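The following exercises concern the reading of a protein model from its atoms. Each task is followed by a solution that proceeds step by step.

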Amino acid sequence: MTESAAEPSKAPTGDALDRALSAEHAAVYAYGVIGGKTSGALLKRATAGFDAHRARRDQLRTLITRRGGTPAEPGPTYLLPFEVRKPADAVRLAVLVEQRVTTASLELAADRDPALRRLAALAAQECATRAYGWQPKIGDPFPGMGRGGADVDAAPAEEAGSEEAGSEGAGSDAASSESAGADAAPGQEARPEQSAQGGQ
């Protein structure tokens with residue numbers, strides 16, 4: 001008996017949904033840090049990214065609940081892959097965030113449920129578009145499948161360079177911790193810290 005689109009497989013999908021939700025939780029946190037280190041046009045872009053990931057996070061939470069699962073809550077704080085001190089760092093982090101969330105979204109693209117496949121394709125497309133907006137270059141022919149963000153340049157788009165003056169915003173000190181970011185699991189551009197050093 002074949003499985004209908006209305007009743008997709010639950011175990012693999014549930015795990016993939018959980019990972020996608022975790023990636024979105026981390027993205028929302030990271031974009032809060034990015035917003036604190038940018039201004040002007042870059043801040044507007046950061047705000048748009050924050051809103052988009054928050055909306056996708058809420059969508060995934062709803063999906064998990066409807067499937068009988070319990071959505072994971074965000075960590076109290078996250079350890080970022082590198083210290084974010086200036087706009088150039090914020091741009092680099094934003095590109096990495098979008099690449100990692102794209103990776104998490106791609107896992108859902110193999111689901112039997114057409115609605116989930118469509119959601120995954122749209123999420124990956126939106127992330128790739130945002131990453132290109134932050135850094136307009138094609139560094140990886142397969143977005144979201146790069147090697148730990150190795151294709152991300154340290155230099156931001158030209159727009160970021162013009163915004164560096166007076167950009168030391170009120171970013172979270174806890175979020176600016178050093179981490180083994182290159183070792184982060186796919187879909188996790190930031191990971192929860194073990195100690196609760198601050199709230200969301």
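A residue is called buried when its relative accessible area is under 20%, exposed when that area is over 50%, and partly exposed in between. The model examined here is predicted.

**Exercise 1. Classify Arg67 and Asp113, and state what links them.**

Step 1. Arg67 has a relative accessibility of 22% and therefore counts as partly exposed.

Step 2. Asp113, at 11% relative accessibility, counts as buried.

Step 3. The link is a salt bridge between Asp113 and Arg67, in which the closest N and O atoms are 3.1 Å apart. Asp113 belongs to the loop between α3 (87-108) and α4, and Arg67 to the loop between α2 and β1 (78-79), so the pair ties together parts that are 46 residues apart in sequence.

Step 4. Asp113 has a further contact at the start of α4, where one of its side-chain oxygens reaches to within 3.0 Å of the backbone nitrogen of Ala115.

**Exercise 2. Determine how many salt bridges the whole structure holds, and describe those formed by Glu126 and by Arg130.**

Step 1. A search of the whole structure yields eight salt bridges. The criterion is a side-chain nitrogen of Lys or Arg within 4 Å of a carboxyl oxygen of Asp or Glu.

Step 2. One of them joins the side chains of Glu126 and Arg56, with an N to O distance of 2.7 Å. Since Glu126 lies in helix α4 (residues 114-134) and Arg56 in helix α2 (residues 40-66), the pair ties together parts that are 70 residues apart in sequence.

Step 3. The two partners fall into separate accessibility classes: Glu126 is partly exposed at 34%, whereas Arg56 is buried at 10%.

Step 4. Arg130 forms a salt bridge with Glu98, and the closest N and O atoms are 3.0 Å apart. Here Arg130 is in helix α4 and Glu98 in helix α3, so the pair ties together parts that are 32 residues apart in sequence.

Step 5. Arg130 is buried, with a relative accessible area of 19%. Glu98 is also buried, and its relative accessible area is 0%.

**Exercise 3. Examine helix α4: what is its span, and how are its buried residues arranged about the axis?**

Step 1. The helix contains 21 residues and reaches 30 Å from its first C-alpha to its last, close to the 30 Å expected at 1.5 Å a residue.

Step 2. The buried residues of α4 are Leu116, Leu119, Ala120, Ala123, Ala124, Cys127, Arg130, Ala131 and Trp134. Viewed down the axis of α4, the buried residues fall within an arc of 130°, so they line one face of the helix.

Step 3. A general rule helps in reading such a list: an α-helix has 3.6 residues a turn, so residues three or four places apart point the same way.

Step 4. On the other side of α4, the residues Ala115, Arg118, Gln125 and Thr129 are exposed.

Step 5. Leu122, also in helix α4, is partly exposed at 29% relative accessibility.

**Exercise 4. Identify which residues of the largest nonpolar core touch the most other members, and which element gives the largest share.**

Step 1. The core has 25 residues, of which Tyr31, Ile34, Leu80, Val84, Leu93, Val97 and Trp134 touch the most other members.

Step 2. The elements that give two or more residues to this core are α1 (11-36), α2, α3 and α4. The largest share, nine residues, comes from α3.

Step 3. Ile34 illustrates the packing: leaving aside its neighbours within four places in sequence, Ile34 is in contact with Ala46, Ala90, Leu93, Ala94 and Trp134.

Step 4. A second, separate core has 11 residues, among them Ala16, Ala20, Leu108 and Ala120.

**Exercise 5. Locate Ser105 and Gln99, and relate each to residues elsewhere in the sequence.**

Step 1. Ser105 is placed in helix α3 and is buried, at 5% relative accessibility.

Step 2. Beyond its neighbours within four places in sequence, Ser105 is in contact with Ala120, Ala123 and Ala124. These three alanines are listed with the buried residues of α4.

Step 3. Gln99 is likewise in helix α3 and counts as buried at 16% relative accessibility.

Step 4. Gln99 and Ala124 are 25 residues apart in sequence, and their C-alpha atoms are 8.8 Å apart in space.

Key. Residues numbered from 1 in each chain as written. Predicted model: local features only at pLDDT ≥ 70, side-chain atom pairs only at ≥ 80, totals over all residues. Heavy atoms only, no water. Helix = DSSP H or I, 4+ residues; strand = E, 2+ residues; numbered from the N terminus. Buried < 20%, exposed > 50% of the residue type's maximum accessible area, 1.4 Å probe, protein only. Core = buried A, V, L, I, M, F, W, Y, C linked by side-chain atoms within 4.5 Å. Contact = heavy atoms within 4.5 Å. Expected span 1.5 Å × (residues − 1). Arc of directions from axis to C-beta. Polar contact = N/O pair within 3.5 Å; in protein donor to acceptor, adjacent residues only side chain to side chain.
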